Amino acid sequence: MYNSLYKAEDNTDSDSDDVYQSPPVYSREDTPAMGTSVMATPVAATPAMSPIMTPQLGITYNVDGSLAASVAARLQQGRRERPNVVANENSSRWRQTMLDNVHRLENLSQTSNPHAQAISMEVCFTRDLCESGREPIIIDPSSFEYNKGDFLNGYITIENKSRKPVPFDMFYVVFEGTIRIKGNSGETKVDNFLSMFDFSASFNAAQINRLDTDENNPFAFNSIVDPLDGSCLSFLEDRLIHPGKRYKRFFTFKIPWALLDTKCENDISDHVQLPPTFGGSVVGAQIHMQRPPLSRQNSAQNAASSLSMSSKDLAGPNTSITYGVLARFIGRKSKYGIEKAPNPNGSRKLVNSRGDEYIILQEETGYVRVIQRSESLELSNFKIKQAISNQQLANIESRVQEVIQEFQRHESTSMDGSSSMENALEPVASTESAKERQLYRQQPRQQYSKTPDYQEQVKILTKSVGFGTKRKPYGTLRMHCKNPLIRIDYIPTTCNLLRQPEESSMSWEFNIVLDFGFLQSSGSTRCPEFKELSISLVAQTYTTRKYPIPMEFASPNVSDIQSRCRKLAQELRNVKQQSKDFAIETQLISDVWALCDLEIQSKELFLRPPSVKQLNSIKWDANKQNPQEFSKSFVIPVDLKTLQLTPVTAASAIPKTPAYDRFCLVPSFQSCYVGRYYYLKVTASTSGEIFENRIPVFVNKPNNDGSWLAYKQYLLKATQSKVS
């Protein structure tokens with residue numbers, strides 16, 4: 001007879017009771033022969049009751065349905081103590097467990113701990129693949145932009161400046177893409193959407209040969225020295241960073257073409273594209289542009305220019321998307337003379353099998369700028385995206401209506417006092433099948449040609465009657481923009497050595513056409529005059545911190561979608577308040593809440609207003625078939641190079657420097673937690689009404705201007721000219 005006790009490694013952040021699992025307890029009298037069946041008999045928990053195990057939940061219940069006393073006590077104790085996450089170094093998954101819970105580790109890199117301060121690390125980027133005995137060509141990653149498919153080469157130098165060896169348990173090198181969103185209350189959402197490990201650069205239990213020319217014994221921990229500068233290219237089995245030695249680790253990464261499909265749980269294609277380097281958060285002052293050591297010495301002024309430009313992509317201070325090569329040492333507290341501190345908040349720690357806590361000893365990150373090349377959005381594809389976006393929103397609304405209808409049927413059945421087994425066993429359609437029905441059902445043809453509300457406005461115009469406040473309508477005015485979409489090219493920042501804005505800036509000049517239609521009321525002979533006309537570019541950033549966004553946005557109507565979803569959330573809240581026992585699909589609640597919880601930040605850039613006199617000078621053309629119907633068109637030339645951060649008037653001076661030298665319009669993108677889109681806002685006002693049209697603006701990077709490939713060709717030409 002034996003009792004088994006099990007505790008699984010927990011890599012989740014959940015604080016629910018389900019993580020405290022208690023396995024079934026069995027009594028085995030003898031070992032049966034192979035092929036015979038076995039009946040496992042539960043060991044009696046008390047003389048009166050026998051526990052019953054629920055495998056799905058991992059919780060033991062008594063036969064009368066009550067929680068077993070021992071398990072209940074353990075759950076209660078777990079709520080108070082919240083057990084640590086164990087990375088058992090004797091198992092094969094301890095490294096994976098550590099990486100999954102690295103956010104729990106205490107970081108000593110910014111403390112005064114002598115062991116942490118003794119370790120000096122630097123990340124350097126090179127033009128070519130690093131090899132032992134070959135002089136590398138150091139490059140400045142802020143002078144160009146990496147693109148999908150590019151190789152990221154370089155090395156990491158490590159030195160122990162103390163007089164004693166410094167131990168470590170784990171060293172790894174990873175290329176990370178990270179989203180950071182800081183909330184109003186101070187908490188920060190961190191999403192590592194990209195993690196690529198270089199196992200040859202990291203410490204392993206074997207010597208990994210990086211190149212075909214390497215012939216190292218993979219099973220021997222020999223000291224490999226670079227003949228170029230005498231640096232040690234490997235760590236020994238003792239896992240010590242010895243003083244007086246300079247260690248060097250080569251790394252190579254290939255920037256992926258896209259993220260894994262599993263990264264977006266809502267299966268949205270735009271969410272698995274690589275987002276651009278973006279934002280200037282608290283971390284962004286260091287993150288956005290960090291130059292390598294050789295560049296820092298002579299380029300302090302250019303580095304300051306890079307930092308200032310990073311804060312001018314109109315992202316705000318609380319949002320950032322960064323890419324960088326991270327090198328990190330992890331060790332145990334006991335090795336660095338740190339006493340075990342009390343844990344008043346009950347936060348879960350990462351410990352080994354003996355309860356020794358893991359911590360981050362030292363880390364260093366070298367940041368790069370990634371702006372992936374994208375194809376220009378065609379009008380046909382844009383309309384398809386609009387249709388898909390509309391159907392995704394309609395799917396959410398229909399699912400909410402199904403919940404309300406089901407709740408009403410449930411309430412009517414409860415009031416009648418009857419129950420229907422047929423209704424109880426009726427299968428509920430899954431979320432995915434509901435999405436497919438809504439998204440792929442045949443749509444009427446006219447839906448694709450319907451003019452969006454944000455591109456057309458119709459209002460009734462009124463005029464005052466007598467001396468009172470009474471007003472009388474004298475007609476209906478329609479304002480419509482004939483430009484369904486505007487496409488402009490991305491222009492790199494001023495710190496990019498190879499930017500060629502002259503060619504790309506041609507797309508920043510275009511014309512927009514406004515159509516006005518007016519229908520006079522009976523007995524009226526008056527046509528309206530316009531009092532004011534303005535135009536501006538709006539850069540809108542939307543973020544969410546808790547749940548991923550369940551749809552893509554193809555139009556500048558995110559605020560309208562949020563308002564509609566808040567009404568849906570109120571309906572779901574009413575259902576839950578009326579009946580707490582009525583279950584609502586968790587995925588539906590997450591989808592609605594993600595759209596309700598969007599934080600939308602808009603930055604408006606202003607242009608010189610068009611001439612109102614010129615607009616009013618254009619005569620209204622009467623319709624020959626209907627003499628009370630009039631129309632006219634007005635063409636507005638737009639030059640985005642004259643954009644300004646403050647409102648301007650017709651008398652304002654044109655800026656001497658173009659807009660792309662004063663701020664950066666990053667390419668339009670969408671991800672699960674943050675997105676950026678642009679639209680042109682055209683506002684016209686009459687004596688009593690204000691009309692506003694919003695024209696979608698898509699910013700794309702169509703060529704290799706300022707990219708790594710162009711920069712590499714530039715370096716090769718410079719090297720050849722220097723040799724000649």
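The following conversation goes through the main features of a predicted model, one topic at a time.

Me: What should I know about the model before we start?
Reply: This is a predicted model, in which local features need pLDDT of at least 70 and side-chain atom pairs count only at pLDDT 80 or more, while totals for chains, interfaces and linings use all residues. Residues are numbered from 1 along each chain as its sequence is written, and side-chain values use heavy atoms, with hydrogens and water left out.

Me: How many helices and strands does the chain have?
Reply: The secondary structure comes to 16 helices and 28 strands. Helices (H or I, at least four residues) and strands (E, at least two) are DSSP runs, numbered from the N terminus.

Me: And what share of the residues is buried?
Reply: Of the 724 residues in the chain, 45% are buried. Buried means under 20% relative accessible area, exposed means over 50%, and partly exposed lies in between (1.4 Å probe, protein chains only).

Me: How much area does the chain expose?
Reply: The chain exposes about 38,400 Å², and carbon and sulfur atoms supply 50% of it. Accessible areas come from the Shrake-Rupley method with a 1.4 Å probe; for residues, only the protein chains shown count as cover.

Me: What about contacts between residues at least 6 apart in sequence?
Reply: Among those contacts, 76% join residues at least 24 apart. A contact means heavy atoms within 4.5 Å.

Me: New topic: how many salt bridges are found in the whole structure?
Reply: A search finds 28 salt bridges. A salt bridge is a side-chain nitrogen of Lys or Arg within 4 Å of a carboxyl oxygen of Asp or Glu.

Me: Which residue does arginine 332 meet in a salt bridge?
Reply: The partner of arginine 332 is aspartate 169, at 3.2 Å from N to O. Arginine 332 lies in strand 15 (residues 319-332) and aspartate 169 in the loop between strand 9 (166-167) and strand 10 (170-182), so the pair ties together parts that are 163 residues apart in sequence. Aspartate 169 is buried, with a relative accessible area of 8%.

Me: And which one pairs with arginine 399?
Reply: Arginine 399 and glutamate 585 meet through their side chains in a salt bridge (3.8 Å, N to O). Arginine 399 belongs to helix 7 (residues 379-416), and glutamate 585 to the loop between helix 12 (558-578) and helix 13 (586-596), so this pair ties together parts that are 186 residues apart in sequence.

Me: Are those two buried or exposed?
Reply: Arginine 399 counts as buried at 4% relative accessibility, whereas glutamate 585 is partly exposed at 31%.

Me: What does glutamate 692 pair with?
Reply: Glutamate 692 meets arginine 694 in a salt bridge between their side chains (3.9 Å, N to O). Glutamate 692 is partly exposed at 30% relative accessibility, and arginine 694 is buried at 16%.

Me: Which residues are linked in a network of salt bridges?
Reply: The network links Asp226, Asp229, Arg246 and Lys248.

Me: On to the surface: which residues form the positive patch?
Reply: The positive surface patch is formed by Lys463, Arg471, Lys472, Arg526 and Lys531. Patches are made of residues with over 30% relative accessible area and no salt bridge, with like charges joined within 9 Å and nonpolar side chains (Val, Leu, Ile, Met, Phe, Trp, Tyr) within 5 Å. Lys and Arg count as positive and Asp and Glu as negative, while His and the chain ends are not counted. The place of a charge is taken as NZ of Lys, CZ of Arg, CG of Asp or CD of Glu.

Me: Where is arginine 471?
Reply: Arginine 471 is in strand 19 (residues 471-481), and it is partly exposed at 41% relative accessibility.

Me: Which residues make the nonpolar patch?
Reply: Phe197, Phe199 and Ile208 form it, with about 290 Å² of accessible area together. Isoleucine 208 sits in the loop between strand 11 (188-197) and strand 12 (240-241) and is partly exposed at 40%.

Me: What is notable about phi of aspartate 267?
Reply: Phi of aspartate 267 is near 55 degrees, a positive value in a residue other than glycine. Most residues other than glycine have a negative phi. Aspartate 267 lies in the loop between strand 13 (246-254) and strand 14 (278-279), and it is exposed at 58% relative accessible area.

Me: And what is phi for leucine 314?
Reply: Leucine 314 has a positive phi of about 65 degrees although it is not a glycine. This leucine 314 is found in the loop between helix 6 (300-310) and strand 15 and counts as buried at 14% relative accessibility.
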